[in-house]
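Biologist: I'm new to this one, so please take me slowly through one spot that you would look at closely. Then work outwards from there, and keep it informal.

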Amino acid sequence: MKKRILSGMRPTGKLHLGHLVGALDNWIKLQDEYECFFMVADWHALMSEYENTQGLLDNTIDNVVDWLACGIDPKKSTIFIQSHVPEHLELFMIFSIITPLGLLERCPTYKEQLREVSNRDLSTYGFLGYPVLQAADILVYKAEVVPVGQDQLPHLELTRQIARKFNNIFKNEFFPDPKALLTQTNRLMGLDGRKMSKSYNNYIALSESPEAVAKKIQSMFTDPTRIKLSDPGHPDKCNVHSYYAVFAPQEKKELDELCRKSKIGCTECKKNLAKIIIKVLEPIQDKRNALLRDKKKIKDILDDGEKKAKVIAAKTILEVKQLIKL
């Protein structure tokens, strides 16, 4: 029997190349090894974007279209919208009652976000409880495995602590101790060398037109020490070459050598990269366009995923209520 996985994304904007190589490529592989539940985490999006909700629904559908276009298969995986399965919030409420306040206030991600995010007020009850909702998301399906990056391990540990506390209070090994599946994924920096982020507008969206891709890549930061074409390059310090490492590793070695010997300029190197990225995105965009012509199919996939998710989530909540005598 396959082990169960729960993962998701917040619909805060269009998906970009960072999502493709950092998550979606991995999700596609996991579909054949695990029973996968992939959710659009709209409640989580609302926790930080509560003052700017007008694009939430459109982003939700757009993100699902990207998932399907990239290869998430509804015949293999359950795809659903978090807020359409109310059992998430029921378990969140129960977990909120037993979770110590200090446990949340010490969460490294919470402290980092409060420190670094200045354009939104995150000093809210909901945002403090973000990891408790994550725990409910995972445990309402009794997921045994959670694909995470190294930076997300503290959140998963908090999930385990909540599960253990519940089990201890109610003298029952009801919830599993979900294990981390550390994902070895490619990491892309943004076009300007900072973290790729929608808020920095330094990304290439999966739905970007070829013309927009070429224009954005021409704006990329390169080796800051290479002023003239005759100057030798330092590809290890060049963001453009880091993209070759991910999308065209077979060409990177030769290009690195040409760069070091001043036999290729940054403009030509960027033009080559644009062609590679456009070719990577072409089949994804073809599938996107086909899906967008059949909105009913997208709705049917989400409705079907919601039904499958609710069957499991409702059973968990019923058993939890019996345990706590509610």
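Modeller: Let's start with D42, keeping in mind that this is a predicted model. D42 is buried, yet it has no salt bridge. Where is the nearest side chain of opposite charge? That side chain belongs to R10, and it is 11 Å away. A salt bridge needs a side-chain nitrogen of Lys or Arg within 4 Å of a carboxyl oxygen of Asp or Glu, so D42 is left without a partner of that kind.

What does D42 touch instead? If you skip its neighbours within four places in sequence, D42 is in contact with P11, L56, I81, Q82 and S83. As for its own address, D42 sits in helix α2, which covers residues 42-49. One of those contacts, I81, brings us to strand β3, which covers residues 77-81.

Stay in that strand for a moment and look at T78, another residue of β3. With a relative accessible area of 9%, T78 is buried, because anything under 20% counts that way. Leaving out residues up to four places away in sequence, T78 touches C36, F37 and F38, as well as G305, K308 and A309. F38 is 40 residues from T78 along the chain, but their C-alpha atoms are separated by 6.1 Å.

That leads to strand β2, residues 35-40, which contains E35. Here is a charge that does have a partner: E35 forms a salt bridge with R4, and their closest N and O atoms are 3.1 Å apart. R4 lies in strand β1 (residues 4-9), so the pair ties together parts that are 31 residues apart in sequence. Are the two ends buried or exposed? E35 has 29% relative accessibility and counts as partly exposed, while R4, at 18%, counts as buried.

That bridge is one of 20 in the whole structure. Another one joins D62 and R288, at 3.0 Å from N to O. D62 is in helix α3 (residues 56-70) and R288 is in helix α13 (residues 266-292), so this pair ties together parts that are 226 residues apart in sequence. D62 is buried at 11% relative accessibility, and R288 is buried too, with a relative accessible area of 7%. So D62 makes a neat contrast with D42: D62 is a buried acid with a bridge, whereas D42 is a buried acid with none.

For a local example, try K315 and E319, whose closest N and O atoms are 2.7 Å apart in a salt bridge. Both lie in helix α14 (residues 295-323), four residues apart, which is about one turn of the helix. Some bridges also link up: K14, D62, D66 and R288 are joined into one network by salt bridges that share partners.

Helix α14 also holds E306, which counts as buried at 18% relative accessibility. Beyond its neighbours within four places in sequence, E306 is in contact with I79, F80, H84 and V85.

Now for some helix packing. Helix α4 (residues 87-98) and helix α9 (residues 153-169) have axes that come within 10 Å and cross at roughly 80 degrees. The two are therefore roughly perpendicular to each other. On the α4 side the meeting residues are I94, F95 and I98, and on the α9 side they are I162, K165, F166 and I169. Sorted by type, the residues of this contact are six nonpolar, no polar and one charged.

Helix α8, residues 130-139, is mostly covered, with nine of its ten residues buried. Among the buried ones are Y130, V132, L133 and D137.

Finally, a backbone detail. Most residues other than glycine have a negative phi. K171 has a positive phi of about 50 degrees although it is not a glycine. It lies in the loop between α9 and β5, and at 69% relative accessibility K171 counts as exposed. K325 also has a positive phi, of about 60 degrees, again without being a glycine. K325 is found in the segment after α14 and counts as exposed at 73% relative accessibility.

Conventions: Residues numbered from 1 in each chain as written. Predicted model: local features only at pLDDT ≥ 70, side-chain atom pairs only at ≥ 80, totals over all residues. Heavy atoms only, no water. Axes fitted to C-alpha atoms, helices over the stretch in contact; angles between N-to-C directions. Parallel < 35°, antiparallel > 145°, perpendicular 65-115°, else oblique. Contact = heavy atoms within 4.5 Å. Nonpolar A, V, L, I, M, F, W, Y, C, P; charged D, E, K, R; others polar. Buried < 20%, exposed > 50% of the residue type's maximum accessible area, 1.4 Å probe, protein only. Lys, Arg positive; Asp, Glu negative; His and termini not counted.
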